[in-house]
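Work through the exercises below with the sequence and the 3D view side by side. Try each task before reading its solution.

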Amino acid sequence: MARRYDSRTTIFSPEGRLYQVEYAMEAISHAGTCVGILTKEGVVLGAEKRVTSKLLEITASPEKMYKIDSHIAAAVAGITSDANILINYARLTAQRYLFSYQNPTPIEYLVRSLCDLKQGYTQIGG
């Protein structure tokens with residue numbers, strides 16, 4: 001029965017469930033944890049790398065920490081392939097801002113840009 005209602009994020013089942021959201025939450029629950037700590041001296045980011053298989057080579061596993069700009073870093077928890085797209089978008093946005101205004105990108109500007117991108121996908125159901 002769920003197959004008829006899980007093709008888009010904007011289609012509710014008769015029970016009022018959004019299966020795509022439930023699938024995403026399940027995938028996230030299997031991801032490693034990321035933590036950021038702000039201190040007076042700076043910021044510390046930590047990420048857990050979960051090994052899903054003993055046959056998986058640890059050095060070949062994807063990264064969990066990314067440098068967005070000279071003053072911005074990000075830690076990823078969840079599906080790394082999805083995160084790579086967002087990381088690349090954030091890097092491009094930061095570089096465009098730097099090129100246009102000759103100043104480092106404000107964090108609020110970058111976060112708003114990423115949120116606008118994600119909200120757009122929610123509204124068009126893609």
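## Exercise 1: The salt bridge

Glu22 and Arg17 form a salt bridge, with their closest N and O atoms 2.6 Å apart. The model is a predicted one: local features need pLDDT of at least 70, side-chain atom pairs count only at pLDDT 80 or more, and totals for chains, interfaces and linings use all residues. Residues are numbered from 1 along each chain as its sequence is written, and side-chain values use heavy atoms, with hydrogens and water left out.

Task: Find how many salt bridges the whole structure holds, and state how exposed Glu22 and Arg17 are.

Solution.
- Step 1. Apply the test: a side-chain nitrogen of Lys or Arg must lie within 4 Å of a carboxyl oxygen of Asp or Glu.
- Step 2. Search the whole structure; one salt bridge is found.
- Step 3. Set the exposure scale: buried is under 20% relative accessible area, exposed is over 50%, and partly exposed is in between (1.4 Å probe, protein chains only).
- Step 4. Glu22 has a relative accessible area of 33%, so Glu22 is partly exposed. Arg17 has 36%, so Arg17 also counts as partly exposed.

## Exercise 2: The core

Task: List the residues of the largest nonpolar core and say which element gives the largest share.

Solution.
- Step 1. Recall the rule: a nonpolar core is a set of buried Ala, Val, Leu, Ile, Met, Phe, Trp, Tyr and Cys residues joined through side-chain atoms within 4.5 Å.
- Step 2. Ten residues qualify for the largest core: Tyr66, Ile68, Ile72, Ala74, Val76, Ala83, Ile87, Ala90, Ala94 and Leu110.
- Step 3. Sort by element. β3 (65-69), β4 (72-75) and α2 (80-101) each give two or more residues to this core. Helices (H or I, at least four residues) and strands (E, at least two) are DSSP runs, numbered from the N terminus.
- Step 4. α2 gives the largest share, four residues.
- Step 5. Look around Ile72. Leaving aside neighbours within four places in sequence, Ile72 is in contact with Tyr66, Lys67, Thr105, Ile107 and Leu110. Contact means heavy atoms within 4.5 Å.

## Exercise 3: Lys67

Task: Is Lys67 buried or exposed, and which residues does Lys67 contact beyond four places in sequence?

Solution.
- Step 1. Lys67 lies in strand β3.
- Step 2. Its relative accessibility is 57%, so Lys67 counts as exposed.
- Step 3. Beyond four places in sequence, Lys67 is in contact with Ile72, Ala73 and Arg91.
- Step 4. Lys67 and Ile87 are 20 residues apart in sequence, and their C-alpha atoms are 8.7 Å apart.

## Exercise 4: The tyrosine rings

Task: Describe the two aromatic pairs of the structure.

Solution.
- Step 1. Rings of Phe, Tyr and Trp (its six-membered ring) pair if their centres lie within 6.5 Å; planes under 30 degrees apart are stacked, over 60 edge-to-face, and the rest tilted.
- Step 2. The structure holds two aromatic pairs. The Tyr97 and Tyr101 rings have centres 4.6 Å apart and planes at 45 degrees, so this pair is tilted.
- Step 3. Both residues, Tyr97 and Tyr101, lie in helix α2, four residues apart, about one turn of the helix. Tyr97 is buried at 18%; Tyr101 is exposed at 52%.
- Step 4. The Tyr97 and Tyr109 rings have centres 4.9 Å apart and planes at 50 degrees, so this pair is tilted. The pair links distant parts of the chain, with Tyr97 in helix α2 and Tyr109 in helix α3 (residues 107-124), twelve residues apart.
- Step 5. Ring pairs link Tyr97, Tyr101 and Tyr109 into a cluster.
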